[in-house]
Each structure stands twice: as C-alpha cells, then as structure tokens.
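Visitor: I would like a close look at one part of this protein, taken slowly. Could you walk me through the contacts there and what surrounds them?

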Amino acid sequence: MNANDEPMKVPDVSGSAVANLEVESLQHPKPTFHGDTIYAVTKVLGKRETSDGRRGIVRVESKGVNQRGEVVCSFIRSVMVWR
C-alpha cells in the first residue's frame, strides 16, 4: 500500500451484503506478529445477477498484506448484494 491507496472499509465490499455465500479458498502463507500492520486489498473477480434481478452475486479475492509487502492471508469468497 502506498500514499495514493485508500484503505478498504467494510462498506466497500460487505456493507450492502445480503449474505456471504461461500469461502472458496483460504490461505495463510506467512505468519503475523504482534505489532504488524496489516492492509487489506480486495479485487472483484466476477459478478452476475440473480434470477429475480434485484440482487447480484459478486466473487472477490481479498488479501492481507503486512508492512513488508508480504501476503499473510488470502481468500476468495462469494457475496450476495442488493443491486
């Protein structure tokens, strides 16, 4: 994360969530330690409408990155949101 990046907030991804549907994968490739600063980065991988057209399902990948730029956790999940 650099000075031009904005921190991710819960409303950015989960604030309008109707339901968390699935966690597809979850990994912890590096340990975290007391005093570490963890940043979250989320990327939208895909989206689709539900059959009623009022909601959508968004597939996102989120990563936790420490102050050294190392990915310490990552997961892919599907979230149902209002359109």
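Visitor: To start us off, in which loop does Asn66 lie? And please carry on from there to the charged side chains.

Guide: Happy to! One thing to keep in mind throughout is that this is a predicted model. Asn66 sits in the loop that leads from strand E3 (55-65) to strand E4 (71-82). Although a loop residue, Asn66 is buried, with a relative accessible area of 2%. Because the cut-off for buried is under 20%, a value of 2% places Asn66 in that class. Its side chain reaches the backbone nitrogen of Arg68 at 2.9 Å. Setting aside residues up to four places away in sequence, Asn66 touches Thr37, Ile38 and Val72.

The two strands on either side of this loop are partners. E3 and E4 run antiparallel and are joined by 11 bridges. As one example of the pairing, Ile57 has Met80 in E4 as its bridge partner. Now step back to the whole sheet: four strands form an open, antiparallel arrangement in the order E1-E4-E3-E2. Strand E1 (17-27) and strand E2 (39-49) are the edges, each pairing on one side only. On average, neighbouring strands of the sheet are turned by 20° against each other, with direction ignored.

Let us follow the chain past E4, to Arg83 in the segment after that strand. Is this residue buried or exposed? Arg83 is exposed, with a relative accessible area of 64%; the cut-off for that class is over 50%, so Arg83 qualifies. Leaving out neighbours within four places in sequence, Arg83 is in contact with Glu49, Gly53, Arg54, Arg55 and Gly56. With Gly53 there is a polar contact: the side chain of Arg83 reaches the backbone oxygen of Gly53 at 3.2 Å. Elsewhere, the C-alpha atoms of Arg83 and Ser16 are separated by 9.0 Å, although their positions lie 67 residues apart along the chain.

The contact with Glu49 deserves its own moment. Side chains of opposite charge can pair when their charged atoms come close. Here the side chains of Arg83 and Glu49 meet in a salt bridge, at 3.2 Å from N to O. This pair links distant parts of the chain, with Arg83 in the segment after E4 and Glu49 in strand E2, 34 residues apart. Glu49, at 47% relative accessibility, counts as partly exposed, whereas Arg83 is exposed.

How many salt bridges does the model have? The count comes to five, and two others take us to Asp52. Asp52 forms a salt bridge with Arg54, where the closest N and O atoms are 3.8 Å apart. That pair counts because the cut-off is within 4 Å. Asp52 also forms a salt bridge with Arg55, and there the closest N and O atoms are 2.7 Å apart. Through shared partners, these salt bridges join Asp52, Arg54 and Arg55 into one network.

The accessibilities of the three network members are worth having side by side. Asp52 is partly exposed, with a relative accessible area of 36%. Arg54 counts as exposed at 54%, while Arg55 counts as partly exposed at 24%. The network also brings us back to Arg83, since Arg54 and Arg55 are among the residues in contact with Arg83.

Note on methods. Residues are numbered from 1 along each chain as its sequence is written. This is a predicted model: local features need pLDDT of at least 70, side-chain atom pairs count only at pLDDT 80 or more; totals for chains, interfaces and linings use all residues. Side-chain values use heavy atoms; hydrogens and water are left out. Helices (H or I, at least four residues) and strands (E, at least two) are DSSP runs, numbered from the N terminus. Buried means under 20% relative accessible area, exposed over 50%, partly exposed in between (1.4 Å probe, protein chains only). A polar contact is a pair of N or O atoms within 3.5 Å; within protein, one must be able to donate a hydrogen and the other to accept it, and residues adjacent in sequence count only if both atoms are side-chain atoms. Contact means heavy atoms within 4.5 Å. Two strands pair if DSSP finds at least two bridges between them. Axes are lines fitted to C-alpha atoms, for helices over the stretch in contact, and angles run from 0 to 180 degrees between N-to-C directions.
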